[in-house]
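Hi everyone, thanks for making time today. I'd like to walk you through one structure, so please have it open in front of you.

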Amino acid sequence: MENIAINKARELLINSGFSKFKDKGEIEKALDRIYVCSSKQELYELYLKKTGIEYDGDLKGFNNSGISYLAPISTEHEIIHETLHTLSSKYDEHGKKVKNGIEVENTRFGSQVNEGITEYLSYKLSGKDTGIYALEKSFFAQIDESFSKFFDDEDALIKMYCENNTNMFKDFLQTCLSKDKNCFEDLYANFSFMNKQKIDELTARINKGAKKVIKSREFDKKHPILSKLKSRILGKNKDKNKNKDNNLLNSTSIEAESSLEYLKEEVYKPGENENIEYNNINKDRKITKEIDDNLVK
Ligand SMILES: [Zn+2]
């Protein structure tokens with residue numbers, strides 16, 4: 001029974017996006033590190049022994065130091081979930097886990113964020129909706145499409161997860177939620193307090209921001225000249241704000257000079273127009289004087 005499930009899990013993993021970031025040998029090795037308990041009782045006892053915590057709930061399996069401990073009867077989904085923890089972790093020379101997926105240590109919800117992506121990626125492979133880590137999983141399910149488009153890689157979530165690349169996550173969140181500079185830290189610190197409505201609101205904001213960014217990039221791709229002009233203007237404004245004083249000293253004189261040249265060549269044509277202009281000015285002055293005189297009276 002286990003062999004059938006393990007073989008199915010192996011097949012699903014090898015034929016998935018994981019094979020882009022982990023070679024076959026690594027996947028095989030991770031699948032070899034499975035310990036199938038003889039009873040559910042043994043699984044609970046091992047959990048207590050390894051973690052020091054008594055598990056409260058229906059435990060399907062757990063991963064400790066790169067070993068997947070599983071219940072006597074496990075599905076390919078449960079095998080994949082635990083194996084993904086092994087595949088996405090880094091260990092030191094003593095076998096101690098030093099990196100765990102996209103978990104950020106010493107954060108209140110770091111492990112929840114990591115369980116969310118683990119369960120979501122397992123679900124994508126097995127197609128089985130277990131209801132475990134449902135909220136955490138829903139977060140990644142809702143941002144997956146935007147995340148893939150943002151990095152132009154349909155396996156961008158797998159890449160981030162396998163490479164422990166939390167900078168990808170930070171970059172994505174900070175670009176999409178540009179007004180919210182601490183969104184990455186905030187996510188790990190409160191994960192919208194595990195509230196479905198709050199998580200849905202957050203993913204809606206992320207997707208809205210991502211849509212804007214992706215649309216702007218598509219525009220730049222389609223209209224390279226306009227895009228260059230746009231970035232030049234934006235870049236100029238940026239520089240201006242950065243070095244206001246410097247610009248006042250340097251570029252204002254250059255700009256003023258070239259503006260004068262332009263006026264001389266294109267607009268300033270001495271002749272009839274000059275007189276008309278002077279006449280107008282004089283007329284205006286006269287009127288002004290008259291008003292002033294009237295006021296004085
Ligand atoms: Zn897990």
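I'll start with the whole chain, move on to a sheet, and finish with the helices around it.

One thing to keep in mind as we go: this is a predicted model. The protein chain holds 14 helices and five strands. Of its 297 residues, 24% count as buried. If you take the contacts in the chain with a separation of 6 or more, 58% of them are between residues 24 or more positions apart.

Now, let's look at the sheet. In what order do its three strands lie? The order is β1-β3-β2, in an open sheet with mixed pairing. At the edges you'll find β1, residues 34-36, and β2, residues 61-64. Each of those has a single partner strand, so one side of each has no neighbour in the sheet. From one strand to the next, the twist averages 20 degrees.

Where does the mixed pairing show up? Take β1 and β3 to begin with; β3 covers residues 67-70. These two strands run parallel and are joined by three bridges. If you want to find the spot on your screen, look for tyrosine 35, which sits opposite tyrosine 69 in β3. Valine 36 has its bridge partner in β3 too, namely leucine 70.

On to β2 and β3, which run antiparallel, with four bridges between them. Here asparagine 64 has isoleucine 67 of β3 as its bridge partner. These strands form a hairpin with two residues between them, and serine 65 in that hairpin takes a positive phi near 50 degrees.

Let's stay with β3 a moment longer. Which of its residues lie on the covered face, and which on the uncovered one? Ser68 and Leu70 are on the covered face, while Ile67 and Tyr69 are on the uncovered face. As a general reminder, side chains in a regular strand alternate between the two faces of the sheet.

So what packs on this sheet? Helix α4 does, and it touches β1, β2 and β3. Its direction makes about 155 degrees with that of β3.

Helix α4, residues 76-87, also meets two other helices that I'd like to show you, α2 and α5. Let's take α2 first, which spans residues 24-32. The axes of α2 and α4 come within 9 Å and cross at roughly 120 degrees, and the two helices are therefore oblique to each other. The crossing is right-handed. On the α2 side the contact is made by Glu26, Ile27, Ala30 and Leu31, and on the α4 side by Thr83, Thr86 and Leu87. What kinds of residues are these? Four are nonpolar, two polar and one charged.

Next is α5, residues 110-126. Helices α4 and α5 pack at an angle of about 135 degrees with their axes 9 Å apart, which makes α4 oblique to α5. This crossing, too, is right-handed. From α4, the residues involved are Glu76, His77, Ile80, His81, Leu84 and His85. They meet Thr118, Glu119, Leu121, Ser122, Leu125 and Ser126 of α5. By type, this contact has four nonpolar, six polar and two charged residues.

If you take one picture away, let it be α4: this helix packs on the sheet, has a contact with α2 and packs with α5. Thanks for listening, and I'm happy to go back to any part of it.

Note on methods
Residues are numbered from 1 along each chain as its sequence is written. This is a predicted model: local features need pLDDT of at least 70, side-chain atom pairs count only at pLDDT 80 or more; totals for chains, interfaces and linings use all residues. Axes are lines fitted to C-alpha atoms, for helices over the stretch in contact, and angles run from 0 to 180 degrees between N-to-C directions. Angles under 35 degrees count as roughly parallel, over 145 as roughly antiparallel, 65 to 115 as roughly perpendicular and the rest as oblique. A crossing is left-handed if the near helix is turned anticlockwise from the far one by less than a right angle, and right-handed if clockwise. Two residues are in contact if their C-beta atoms, placed from the backbone, lie within 7 Å. Ala, Val, Leu, Ile, Met, Phe, Trp, Tyr, Cys and Pro count as nonpolar, Asp, Glu, Lys and Arg as charged, and the others, Gly among them, as polar. Two strands pair if DSSP finds at least two bridges between them. A residue is buried if 20 or more other C-beta atoms lie within 10 Å of its own, exposed if 12 or fewer, and partly exposed in between; C-beta atoms are placed from the backbone.
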